[in-house]
Amino acid sequence: MSRRSTATTRFAVSLLSGAALLALATPAFAQTAPAPADTSPEAGAQDDTIPEDIVVTGSSIRGVPPTGSNLIQVGAEEVVNTGASTTQELLATIPQLSTFNTAPRPDQRSNGIISTAPNIRGIGQAQTLVLINGHRLVGVGHLQNIPDPSIIPTSGVQRIEVVADGASSVYGSDGIAGVVNVITRKDYNGLEGTFRVGYGDSYNTMNANAVAGTKWDGGGVMIAGEYSKTSRLRATDRDYLTQDFTATGGRDNRATGNACLSPTYRVNTTATGGPTGNYIQPATGAVSPRCDNIRDLDLYPRQERLSFLAAGHHQAADNVELFFDAFYSRTQTDAYRESLYTTNVMTRNNPYFPTFVAANVPSISVTYNVNALDGVRERDTQDLSVYGGTVGAGVDFGRFKWTTYVTGSRSSTDLREGSFSPVAAGALIQSSDPNTAIDPFGGRTSQQTKITLADWEQSYRSKQYIWEVNTKVDGPLFALPGGDVKIAVGGVHRQEFFDGLFTNGRINALEGVGAQKGLRKVWSGFGELFVPIFSGDNAIGGFQRLDLSLSARHDSYSDFGSTTNPKIGVNWEPLKGFTLRGSFGTSFHAPALPDLYGPDTRAGYLNNGLAPPGFQSADVPGGIFIAGGNPNLDAEKATTWSLGVDFQPTFLPGFKASATYYNVKFKGRVAFPSSSFFYRDPAFNQFFVSNNVCTTGTYNPASPDTVNCRPQPIPSAQVWSIIKDLPLQNFPTTVTGPNDLPPIYSITILRRANLAEIDTDGIDFDLNYRWNMGERVQMSASVSGNYVLSYDQKAIEGALPIDQFPFGQAKFRVRGQLGAVAGPVTAVAMLNYSDKYKNQYFLPTNVQATETIGAYTTLDLHFGYKLPASGVLEGTELVLDVDNLFDADPPFARAGNGYGNGNVLGRVFTFGVRKKF
């Protein structure tokens, strides 16, 4: 059989397996949720029915909402009323997302985390599925492939739907924590533009948005564009930053003698050549001075984004509709970071050897700030481009509809981390030539030497793509007294690709290269069944409505295996306006291609290895760390269930309330093994290799015998068998076999592995009320939030669970909103509250202690005024937004840079004008 026919067969089998899953499964439970609603104060009463042709996030059946799960919606008017200029700011208004009540920012560092991407309940960005119009989006990043919904212009957003529940039975991978679906406008009639500028303390922003389109009989098209720009925010512009906590009972965490602008030195002994005594700073006479190494840091990067979105649909025939969407976005960021330093041995061979050092001292160990010496500040830059789109068709066959689409997108990420050449620094400080030697004390270093030092960078470059063909049939099977039994059956074929490059060397030179490529093919079949047992047509006492549903999906991966994930739910309305609901299902997250094939995969040499308990680093003069991807990863897996209640009383029109209890058990989370657990927890023995030899007995880490036991080199043949297939980095000599290896005392395996387990449960709640005050004023009020009951994590399967509340996990986050519309005037006040939490810090005695980080509360305001509808001003609205009205600083913390979770931007006034043509 040919390769093409084999793929076709697998796709057909996947399509049929969706139907088979339903045939083999038991009946299911389901929920009906409110229709997508206009959440603006002027919206008035809402229709809770869902149009028959609308597919709601969390379900594959038209007109059926997510079964048994809570659906969180943010409508188009919320974009206006929240004052959000970008999609990332809009997502930060949802308490269930970890960006809530902060200033979401892209992370330009090499950890590859895209901080603007949503993270439901803090379980993880990679575990939160991001969709655009229900379609998968390519990932971005250097070492991860996390989609970022912020590429969509806010002017093109129709609404955002969040299902904070396991969703693998419908969508497959990534939906462990839930789904965030950005639903765009599919057409627009006319032209609308918005221009906004914002000003804060040492910070400014600008945003321009526009949407244009036209409609015709049976179709329409629209195009939206956005340009946004923000300034950088320097650490020196916020006086609450510090690393010295001695005045508040903590430890002085400033660097000791190493990041100072003025260099320091220690005398090397004649006997060993090693340093002795304290650091001395000749410029001041200070002994072991401490330096604040965050003075050059950017708290918020400079960023610039240009995005476009186009979408349209057309009724090509009475029963055939064609549709498409296309998008492009480019984001550029840069941020300065802490100064870099290095320590080198300086001998009297250097013509600039300082005269203040005693004549009998042969050499000194000099620690100096490289950026102060070469005059180049360290800066990280990132350039990210994403583009893609979807084309498809829907064909009506009477009661059933066949929908097929092809979607694809590509991303390109280029990160450059400024650095210095450690090779040049070590060599040039030994030079005897005044034209090339480094002078750390006297400022006589030549310009060419400075250029040589600064000609160094660490870069991560990646290209990713995803394409998918998705086909399904859905519609009513037969009628019951409670309504139509509906079904959806479909199949998916998807391909993902990752091409990553890592370099560590001279700028634009391919040095220290690590390169990896990964290709994945996925075949999937899914099915969903909706059974309305009771409804308004056959309601009886205690059963105004009862819906049952079942969904299931089978995914077959080319690189790690197969998985099947079902979900059941129930929606029971015993009394009119009072609904009980629940769901249970399993979910998974396939290992990301960068996790399997990370370009940072390498074996690196260390001057000192991992010291066993009882010994010092000098006792292990040579070690190896192994980092990067792991092709043997398995999928992350989770079991989720929820119970909820919805209350919409008939006696109080305009009032809605809901509460949902959720429970997530998540295992096999991909993480890096932490060396802090090595020797302490036997479950981590698999991640390090050592050779501790005893003349009597055996080495016991709990009570080490340092007299009869000593670390010894690991046999070279054993070391080579572990590292021979990996790129080698920083070895003192070229290594081509075991005989070239220096003595190796320890090997620490720090590459990605299926490690952590998370068990968490909590309550989501939402209350909304709309009413009129007289004939001219419409009012609205809402409160929504998340309360975490427990959050336990195991470092590895089999370890004891550790409560995360003492380690930075907050319990409670809530947002309250009060709005009013009176004629042309709109006013909205939004109160954001992040609860206090506990965190770890060190006492001056280096003993770890726990402190309470204060709660964080901000108040945001939005004002809009529609100008009189006449002349050129017709359709014009003036807008004023105030974020963080009272300029609340983030809460104080005795760790990190001195502040806890909060918004570092402070109070920002934004002025805007919106014009419809």
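**A guided tour of the predicted model**

Select Arg 121 to begin: this residue is buried, because its relative accessible area of 7% falls under the 20% cut-off. The structure on display is a predicted model. Arg 121 sits in the loop that runs between α3 (87–91) and β2 (128–132). Its backbone deserves attention, for Arg 121 has a positive phi of about 55° although it is not a glycine.

**The whole chain**

Now zoom out until the entire protein chain is in view. Colouring by secondary structure will bring up nine helices and 46 strands. The radius of gyration of the chain is 30 Å, close to the 29 Å that the globule rule gives for 917 residues, so the chain is as compact as a globular protein of that length. Turned along its principal axes, the C-alpha trace spans about 100 × 70 × 50 Å.

Next, switch on the surface. The accessible surface of the protein chain comes to about 37,700 Å², and carbon and sulfur atoms account for 57% of that area. Beneath it, 54% of the 917 residues count as buried.

Colouring by charge will mark 74 positive and 83 negative side chains. The centres of these two sets lie 3 Å apart.

How many of the contacts between residues at least 6 apart in sequence join residues at least 24 apart? The share is 71%. Several of the following stops show residues that meet across a stretch of sequence.

**Second stop: Ser 642**

Select Ser 642, which belongs to strand β30 (residues 636–647). Is Ser 642 buried or exposed? It is buried, since its relative accessible area is 3% and the limit is 20%. Show its side chain together with that of Ser 583: a polar contact of 2.8 Å joins the two.

To see the surroundings of Ser 642, leave aside its neighbours within four places in sequence. The residues in contact with it are then Gly 68, Asp 165, Arg 581, Gly 582, Ser 583, Thr 660, Tyr 661 and Tyr 662. Ser 583 thus appears both in this list and as the partner in the polar contact.

**Third stop: Ser 459**

Move to Ser 459, found in strand β22 (residues 457–480). At 0% relative accessibility, Ser 459 counts as buried.

Which side chains make polar contacts with that of Ser 459? One belongs to Arg 461, at 3.1 Å. Another belongs to Thr 503, at 2.4 Å.

Thr 503 is also among the residues that contact Ser 459 once neighbours within four places in sequence are set aside; the others are Leu 415, Arg 416, Leu 501 and Phe 502. Now add Asn 504 to the selection. Its C-alpha atom is separated from that of Ser 459 by 6.6 Å, although the two residues are 45 residues apart along the chain.

**Fourth stop: Phe 195**

Select Phe 195 in strand β6 (residues 190–200). This residue is partly exposed, with a relative accessible area of 42%. Beyond its neighbours within four places in sequence, Phe 195 is in contact with Met 206, Asn 207 and Ala 208, and also with Phe 911, Gly 912 and Val 913. For a distance to display, choose Asn 207: the C-alpha atoms of Phe 195 and Asn 207 are 6.0 Å apart, and the residues are twelve apart in sequence.

**Fifth stop: Thr 246**

Leave the strands and select Thr 246, whose place is in the loop between β9 (233–234) and β10 (255–256). Thr 246 is partly exposed, with a relative accessible area of 46%. Its side chain makes a polar contact of 2.8 Å with the side chain of Asp 244. Setting aside neighbours within four places in sequence, Thr 246 is in contact with Arg 251 and Asp 252.

Then add Pro 844 to the view. Thr 246 and Pro 844 are 598 residues apart in sequence, yet their C-alpha atoms are 7.1 Å apart in space.

**Last stop: Ser 288**

Finish at Ser 288, in the loop between β13 (286–287) and β14 (290–291). Ser 288 has a positive phi of about 50° although it is not a glycine. Is Ser 288 buried or partly exposed? At 26% relative accessibility, Ser 288 counts as partly exposed. Return to Arg 121 for comparison: that residue also has a positive phi, of about 55°, but it is buried.

Technical notes:
Residues are numbered from 1 along each chain as its sequence is written. This is a predicted model: local features need pLDDT of at least 70, side-chain atom pairs count only at pLDDT 80 or more; totals for chains, interfaces and linings use all residues. Side-chain values use heavy atoms; hydrogens and water are left out. Helices (H or I, at least four residues) and strands (E, at least two) are DSSP runs, numbered from the N terminus. The radius of gyration is taken over C-alpha atoms; the globule rule is 2.2 Å times the number of residues to the power 0.38. Buried means under 20% relative accessible area, exposed over 50%, partly exposed in between (1.4 Å probe, protein chains only). Contact means heavy atoms within 4.5 Å. Accessible areas come from the Shrake-Rupley method with a 1.4 Å probe; for residues, only the protein chains shown count as cover. Lys and Arg count as positive and Asp and Glu as negative; His and the chain ends are not counted. The place of a charge is taken as NZ of Lys, CZ of Arg, CG of Asp or CD of Glu. A polar contact is a pair of N or O atoms within 3.5 Å; within protein, one must be able to donate a hydrogen and the other to accept it, and residues adjacent in sequence count only if both atoms are side-chain atoms.
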